[in-house]
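Today I opened my notebook to look up how a protein holds its ligand. Here is what I went through, step by step.

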Amino acid sequence: MDFAVKEEQTAILDMTRRFSRERIRPRVREYDREERFPLDLYAEMAQLGLTGGVIPEQYGGAGMDHQTYALMVMEMAETCQAMAAAATWASGVGGVSVLRFGTEEQKQKYLVPLAKGEGPVAFALTETHTGSDVASMKTRAVRDGDDYILNGTKVWISMIESCKWILTFATVDAGAGRKGITAFLLEPDWPGITRTPFKNKVGFRPMETGELVLQDVRVPASNRLGAEGEGFKIAMSSVENGRLGVASRCVGMIRACLNLATEYAQTRTTFGEPIGKRQLVQSKITDMKVAYETARLLVLQTAWQKDQGDRARVNASMAKMYASDALMRAAEDAMQIHGAYGCSDEYDIGRYWRDAKFMQTIEGSNEIHRTLIAEYQLGYR
Ligand SMILES: Cc1cc2nc3c(=O)[nH]c(=O)nc-3n(C[C@H](O)[C@H](O)[C@H](O)COP(=O)(O)OP(=O)(O)OC[C@H]3O[C@@H](n4cnc5c(N)ncnc54)[C@H](O)[C@@H]3O)c2cc1C
């Protein structure tokens, strides 16, 4: 395994850093406050080729290897995790599901524009009664001639307002558990679809997270992704990519917490000395530094494994769980170092702290990852 940043990666990372600092940083506080996703910045990102990620060039992607992709996402998340999420849409669960299981027509219609950055995708799996227990979903799909009729409600779905298409899941046989779950590609303006973003969220404020109601939505059978009953497999085989993206966002955010805390500790003076001179503050800086380096290594190891063409089921879980837990601790410590100023929205650290919490919940809650890692280790899976 070689984790040194290669010459060919430097150009992409330099460009991402410049874009993040010059274009995103001046605006992030404002759009976060207004709970608005900056579609104009996303279009700029697309022009720079930063939305295509690991998707092959033949399908509009950038054809990056997973390590370059992970480093690029970290770089962007240091400034804004929501914009970094946009760099993962094609390479995450939405895009990769279509790449692996889509027909050629579905790839051309849905994957190509996503990879080119022509519009967001929404991945709609979670329902009101449960997010973790996917197999107990209540959304139903009933075959009607050449169509399916979908009914159900999905909640906590990100990019629900400006998405250009939606990958969702419904059961064709409620008694069959995961074997009944089937994936569908929907277009947001189809009759029977209602989308309502939640407002005043604690974190992920620009990400248009909300409710998707499906009432007698007629979906052509040609918009079924994969076979009937293959939905659970589709969702689970693409989550590794989703988890790599989330873990990379966490690493970038840890670096931001470390840098913000370092700068503050060097300049804030109490009792005649910078607080950075105090061992209790230094201890927090040390923990953040170690968290950053170790989380980054786990993420790069997962990316390396994917680059070998292997599955990375356990590593992706470890990277996501470890990086998001480490991020939560780093954000907490960085907030503490900021004292009262952590409470001010004139300082950035509060945003990282608010967003950090939900990194422990999305793409599988950390309790689910903890269970999965142990079950593999114990031979129960
Ligand atoms: C900001 C944000 C954005 C999101 N975006 C999306 C999206 O785009 N698409 C989408 O489909 N979903 C999305 N989600 C939903 C997210 O995936 C779910 O919240 C997550 O899967 C957990 O589901 P839940 O909230 O229903 O919690 P539950 O499954 O009800 O779990 C509640 C608590 O119990 C714990 N728990 C559950 N089962 C077990 C178990 N077997 N063992 C131990 N502990 C357990 C969980 O870890 C959690 O702490 C988003 C959520 C948030 C907060």
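Entry one. I began with the residues around the ligand, keeping in mind that this is a predicted model. There are 17 of them, and F123, T126, S132, W156 and S365 come nearest.

Entry two. Next I sorted that shell by character. I found 8 nonpolar residues, 8 polar ones and 1 charged one.

Entry three. Which atoms of T126 and W156 lie a short step from a nitrogen atom of the ligand? For T126 I noted a polar side-chain atom, 2.7 Å from a nitrogen atom of the ligand. For W156 I noted a backbone N or O atom, 2.9 Å from a nitrogen atom of the ligand. I also looked at L125, where a polar backbone atom is 2.9 Å from an oxygen atom of the ligand.

Entry four. How much of the ligand does the protein bury? Taken alone, the ligand exposes 970 Å², and 64% of that is buried by the protein.

Entry five. Then I asked where the ligand sits. I found it in the largest pocket. Two elements, β3 (147–157) and α11 (366–378), each give two or more residues to the shell around the ligand.

Entry six. Last, I checked the domains. Domain 2 (121–228) and domain 3 (232–378) each supply at least three residues of the shell around the ligand.

Definitions and conventions. Residues are numbered from 1 along each chain as its sequence is written. This is a predicted model: local features need pLDDT of at least 70, side-chain atom pairs count only at pLDDT 80 or more; totals for chains, interfaces and linings use all residues. Side-chain values use heavy atoms; hydrogens and water are left out. A residue is near a molecule or strand if one of its heavy atoms lies within 4 Å of it. A polar contact is a pair of N or O atoms within 3.5 Å; within protein, one must be able to donate a hydrogen and the other to accept it, and residues adjacent in sequence count only if both atoms are side-chain atoms. Accessible areas come from the Shrake-Rupley method with a 1.4 Å probe; for residues, only the protein chains shown count as cover. On a 1 Å grid over the protein atoms alone, a cavity is a set of points where a 1.4 Å probe fits but cannot get out, and a pocket is an open set with protein on both sides within 12 Å along at least five of seven lines; lining residues have an atom within 4 Å of a point. A molecule sits in a cavity or pocket if more than half of its atoms lie within 2 Å of its grid points. Helices (H or I, at least four residues) and strands (E, at least two) are DSSP runs, numbered from the N terminus. Ala, Val, Leu, Ile, Met, Phe, Trp, Tyr, Cys and Pro count as nonpolar, Asp, Glu, Lys and Arg as charged, and the others, Gly among them, as polar. Domain bounds come from an automatic or database domain assignment.
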